[in-house]
Amino acid sequence: MATTTEPALDRSHKPGVPPLLAIRKVAKSFGKNPVLRDVSLQIAEGEFLTILGESGSGKTTLLRIIAGFEDATSGEVLMEGERLDLSPPYRRRVNTVFQHYALFPHLTVEENVGYGLRVAKLPKDEIAGRVAEALAMVKMAAFAKSKPAKISGGQQQRIALARALVNRPRLLLLDEPLSALDANLRRQMQVELKSLQREVGISFVFVTHDQEEAMVMSDRIALLRMGELEQVASPREIYSHPATAYTAQFIGHTNLLRGEIKSGVARCNLLSWRVGLPEGHALFSLRPENIRIVNPAEGSDANVVTFRGKIQHQAFHGATELLQVVCADGLALSVRAATRENRLGDLQLEFSPADAVPVRESPERG
Amino acid sequence: MFSRAYRAAVTLPPVLWVLLFLLVPYALLLCYSFWSVSPSQTIIHSWTLENYRELFRVNVYLQTLFRSMWIAARVMIFSLLLGYPLAYYLSFYAGARKDLLYQLVIIPLWVSYLVRAYAWKTILGSDGVLNTLLQYVHLTKHPLEFLLYSPFAVVLTLTHIYTPFAVLPIYAALEHIPRNLVEASQDLGASPLQTFWRVIFPLSIPGVLAGATFAFVLSLGDFLAPLLLGGPSGIMISNIVVSLFGAAYNWPLGAAISLCMLLLVVSLLFFSEQLEKKWSFR
Amino acid sequence: MSASGNTSRWLPWHAIAVFGFLYLPIVTLIVYSFNGSGVGGFPPRNLTLDWYRMLFADDAIWESVLNSLIVALAAMAISLTFGIPAALALDRANFPGKALFRRLVLLPLILPGIITGLSLSMLFHDSHVKLSLLTIVLGHGTALISVATTEVFAGLQKLDRAQEEASLDLGANYWQTFWRITIPNLRLSIIGAALLIFTLSMDEIAVSFFLIGRDNTLPLEIWGRLRRGITPEINAISTIIFVFSLIAIVSWYRLRMGSEGTQETGAALVETAS
């Protein structure tokens with residue numbers, strides 16, 4: 001697979017030193033149902049990695065295997081070179097922020113946060129100090145003596161975070177922690193979580209189905225589909241150079257152009273351009289923002305592909321709008337343009353061949 | 001949304017019935033406890049505290065009451081000891097068989113009390129199944145006398161009857177505990193045993209209290225088991241009440257004792273309810 | 001969830017032991033109802049149906065069974081007639097003394113049955129009503145109202161108010177809405193309550209003890225014989241009672257599970273158990 005599973009940004013990685021977390025060929029089936037197939041991934045110190053996928057992709061299962069709540073059917077998980085998957089969850093230096101927070105209702109906020117420290121039998125004053133520090137870090141110091149039932153969802157989420165981080169784990173796992181929050185609070189928390197991670201310096205493994213969220217927060221994104229990794233790369237890389245059709249469509253909007261390559265020329269319906277790719281079928285991803293509307297009177301560069309299209313539909317998105325355009329041969333494309341009041345129905349459009357990124361097919365997996 | 005006529009129509013009949021057949025009888029009970037019985041076996045309707053004084057003066061009543069409470073306490077403890085692990089197994093380990101096992105717990109609950117008490121009688125007697133079995137395998141030479149017609153038999157039978165009563169509320173409480181709390185506890189470093197004591201058990205306390213209350217209160221007022229299996233040393237307070245309404249014709253005294261039992265039960269329920277509220281974290 | 005540790009290994013054994021304890025007497029009873037040499041003795045031998053034959057020829061028992069059936073059906077009628085409106089009242093009306101009413105209705109379940117029985121017998125005595133099957137019916141009916149109320153109340157929580165509102169909106173009055181919409185929606189709760197009331201009434205002793213006239217109910221008939229001495233016939237009738245109770249309670253459970261989950265079923269059971 002032409003995907004990068006090695007960390008692209010690894011500040012502390014010295015050659016010869018094992019990575020913080022190594023997932024090697026992990027597979028998991030529930031009965032006859034395979035949920036994860038042959039997943040291999042490495043996580044570096046201090047990085048923010050997001051495991052992105054639809055529901056059913058296996059992302060939560062993968063997280064639970066790292067945390068220790070599921071055993072992999074085959075494969076290994078290693079932390080700093082040593083087998084992690086042989087230990088029970090309560091012996092791993094890994095902590096989890098659960099999707100519905102899982103705060104203990106019979107304990108106060110303070111007692112919740114200090115739970116792991118009490119279990120480890122640390123001295124009382126140390127516990128008090130670290131708990132206060134953790135609460136201050138998530139800005140919840142005022143609620144120390146409250147009970148979880150009395151605080152809001154967003155506040156509970158911060159406490160869950162504090163409770164995990166106070167134990168100074170090597171790795172923090174976050175299972176869709178923002179999914180229960182409303183949109184504005186969610187955006188706010190995304191920023192806070194990201195800066196928190198930078199501040200604390202611990203590796204975060206974040207699971208979500210929201211691709212926008214993944215792009216905002218991550219150093220790297222691991223896109224999971226039906227139990228296998230489609231691509232692992234930084235947000236910019238994955239956006240501008242998607243490896244597969246699924247990746248191109250899942251992250252952001254795209255147009256998929258299906259065509260034939262013959263003698264160095266790609267032909268897709270009435271569009272054609274030069275490419276240095278071998279003969280045969282081809283699939284290209286062309287982002288809507290890379291199709292430009294041009295004034296027919298001006299000339300075009302030699303190197304662009306031009307064509308005409310009729311606007312079928314206009315969707316207002318605030319600063320931009322998404323136009324559904326149909327070409328003479330029936331090809332339908334999405335075009336993103338700056339919002340404009342009066343648009344002519346008939347447009348002259350162009351794009352650069354470099355923006356038509358070749359992608360692999362994403363086959364159905366049985 | 002519901003008209004006054006509607007609300008009156010649904011409220012009046014049951015309230016009237018309950019008034020007539022529950023409130024009035026209990027009120028009568030109260031009155032009788034302050035009356036007395038004449039030597040010619042008629043009720044004298046003059047108000048007196050004599051019955052209550054007799055309760056405290058004559059030893060046998062208080063003794064029997066304390067013996068009944070001690071029996072009830074033992075039944076409560078054993079029911080909890082037997083019932084909690086069973087409920088825990090059902091909730092956390094039974095998996096696919098949970099439903100079936102749950103039915104197996106409630107079936108004895110509803111099979112005739114009399115039948116089950118009688119069954120123990122046939123098992124524990126000197127010619128009973130247990131004794132003849134022990135002699136058959138040569139573990140004993142003579143029948144064990146203490147098995148039947150003793151407080152032991154009463155405690156055993158009542159534990160048998162009321163253990164399912166303890167299991168059900170504990171099971172319900174355990175089922176209510178979100179499983180992610182158990183995972184969170186382990187994630188934070190607590191072993192399964194620590195998780196049980198710090199998280200699971202505290203959250204199951206309302207169920208434990210409910211089960212304990214049922215077992216205690218229902219055992220306290222039981223009259224059938226002691227009558228069938230208790231013998232002279234196993235008499236409980238309800239048996240005294242029954243005899244006062246039967247052969248030892250003294251309704252006022254019986255009413256006084258009943259009233260005391262009623263007050264005791266009501267205060268235990270109230271007390272238990274307060275504790276349950278304190279331990280429920282909703 | 002993966003379980004680990006030594007503690008978990010004894011749990012299944014404990015569970016088996018407790019189940020054994022719970023079923024041992026019943027199994028013994030059934031086995032010995034076929035035992036030729038009577039009630040005690042080990043091991044059981046001489047398999048025979050004699051006791052069952054004796055049982056079927058025993059007129060007094062069957063008369064008491066008939067009495068019990070009559071009482072149970074009548075008690076069911078009373079409990080439902082007053083229990084259903086009581087549930088509606090608790091759900092929809094506010095009236096002075098509502099809290100007291102609720103507790104009063106539930107009291108017979110947790111209070112020793114004899115107290116309810118003897119206070120009712122005082123009532124009948126003072127109003128010069130002779131004790132008979134009727135008084136037993138009144139006693140059972142009253143004591144078991146709370147079973148109906150609890151089940152129907154739980155069913156009401158699941159009922160979508162909007163249905164009744166729609167009915168009124170479409171022109172039906174309260175009475176019509178009650179019969180066309182409310183009751184059909186409570187069908188399962190009512191059937192469940194009926195089953196439970198029937199079973200409890202058939203087995204009832206404590207209240208019946210004080211209200212009995214000349215005619216015996218089945219439990220009291222058995223009770224009378226027990227005072228006089230054990231006969232293996234009693235094992236036979238006990239086995240039959242067990243089989244019927246089993247059918248009744250499993251049906252009730254299946255009914256409940258169909259519309260709710262284990263938790264609500266258990267909670268209801270706990271509340272109505274006596």
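How many of the residues of strand β8 of chain A are buried? I'll come to that strand after a few words on the chain as a whole.

What we have here is a predicted model. The mean pLDDT of chain A is 89, with 95% of its residues at 70 or more. One stretch to treat separately is residues 6-13 of chain A, where pLDDT stays under 50. For that stretch the model has 16 contacts beyond four places in sequence.

On to the overall layout. Chain A has 9 helices and 20 strands. Its C-alpha atoms fill a box of roughly 80 × 45 × 40 Å along the principal axes. Of the 366 residues in chain A, 40% are buried. Taking contacts between residues at least 6 apart in sequence, 66% join residues at least 24 apart.

Now the strand. β8 of chain A covers residues 203-208, and 6 of its 6 residues are buried. Both faces are covered. One side carries Ser203(A), Val205(A) and Val207(A), and the other carries Phe204(A), Phe206(A) and Thr208(A).

Which strands pair with β8(A)? One is β3 of chain A, residues 48-52, which is parallel to β8(A) over 5 bridges. In that pairing, Leu52(A) has Thr208(A) as its bridge partner. Another is β7 of chain A, residues 171-175, also joined to β8(A) by 5 bridges and running parallel. There, Leu174(A) stands opposite Phe206(A). Between β7(A) and β8(A), the chain passes through helix α6, residues 183-200 of chain A, and this β-α-β crossover is right-handed.

To come back to the opening question: 6 of 6 in β8(A) are buried, and the strand has parallel pairings with β3(A) and β7(A).

Technical notes
Residues numbered from 1 in each chain as written. Chains lettered and ligands numbered in written order. Predicted model: local features only at pLDDT ≥ 70, side-chain atom pairs only at ≥ 80, totals over all residues. pLDDT = per-residue confidence, 0-100. Contact = placed C-beta atoms within 7 Å. Helix = DSSP H or I, 4+ residues; strand = E, 2+ residues; numbered from the N terminus. Buried ≥ 20, exposed ≤ 12 C-beta atoms within 10 Å, placed from the backbone. Pairing = 2+ DSSP bridges. Right-handed = clockwise from strand over helix to strand, strands pointing away.
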